[in-house]
Amino acid sequence: MRRGPLRRARRRQPQRGFTLIELMITVAIVAILAAIALPSYIEYVRRGARAEARAGLQQAAQWMERAATAMGSYPLAAAFPANLTRVPSGRYTISVASTTGTAFTLTATPAGSQAGDKCGSYTLTHTGQRGVTGAVLGVQECWNR
């Protein structure tokens with residue numbers, strides 16, 4: 001029995017493409033990897049923003065101390081410079097509470113995607129007292145990470 005050229009040509013071509021099962025296995029593996037990696041990445045980014053907030057508070061406290069040295073008392077909240085009110089990433093806003101000129105409290109409040117952070121808002125006073133408000137973790141744990 002003789003076969004036609006069309007049948008021989010089909011047999012010689014290699015199989016191309018993916019089966020549905022292979023595609024579904026690949027999608028499942030990618031989904032599992034994403035489910036593991038995404039929360040870790042988000043926490044890593046939040047931890048970096050926390051460090052930036054602490055650095056911003058330290059910078060603002062240094063400005064307050066320099067101003068107090070120059071003027072004889074801490075400047076009031078209205079004199080606080082606008083460039084110190086946000087950290088570079090924009091994930092925290094810094095505010096100052098200084099009404100008497102003898103004391104101040106700086107607060108770094110999470111903003112945007114940082115709002116649900118487990119360390120909440122950071123505080124720093126004129127005496128160097130560190131604190132957190134609205135935090136799930138303790139003061140030492142948040143300030144030393």
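**Reading an elongated chain**

Guide: This is a predicted model. Its chain has a radius of gyration of 29 Å, whereas a compact globule of 145 residues would have one near 15 Å.

Visitor: What makes 15 Å the yardstick for a compact globule of 145 residues?

Guide: The rule is 2.2 Å times the number of residues to the power 0.38. Set against that, the 29 Å of this chain is not what a compact globule would have. The C-alpha atoms fill a box of roughly 110 × 30 × 20 Å along the principal axes.

Visitor: What share of the residues counts as buried?

Guide: Of the 145 residues, 29% do; the cut-off is under 20% relative accessible area.

Visitor: Why is the largest nonpolar core called a core?

Guide: Because such a set takes buried residues of nonpolar types, joined through side-chain atoms within 4.5 Å. This one has 24 residues, and Leu57, Phe80, Leu106 and Tyr122 touch the most other members. α2 (20-71) is among the elements giving two or more residues, as are β1, β2, β3 and α3. The largest share, seven residues, comes from α2.

Visitor: How do you know which residues Tyr122 is in contact with, beyond its neighbours within four places in sequence?

Guide: Heavy atoms within 4.5 Å decide it. The partners include Arg50, Leu57, Tyr92, Leu106, Val132 and Trp143.

Visitor: Why do β3 and β4 count as paired?

Guide: Pairing needs at least two bridges, and β3 and β4 have four, so they qualify; they run antiparallel. Leu124 has Arg130 in β4 as its bridge partner. Four residues lie between the strands of this hairpin, where Gly128 takes a positive phi near 90 degrees.

Note on methods
Residues are numbered from 1 along each chain as its sequence is written. This is a predicted model: local features need pLDDT of at least 70, side-chain atom pairs count only at pLDDT 80 or more; totals for chains, interfaces and linings use all residues. Side-chain values use heavy atoms; hydrogens and water are left out. Buried means under 20% relative accessible area, exposed over 50%, partly exposed in between (1.4 Å probe, protein chains only).
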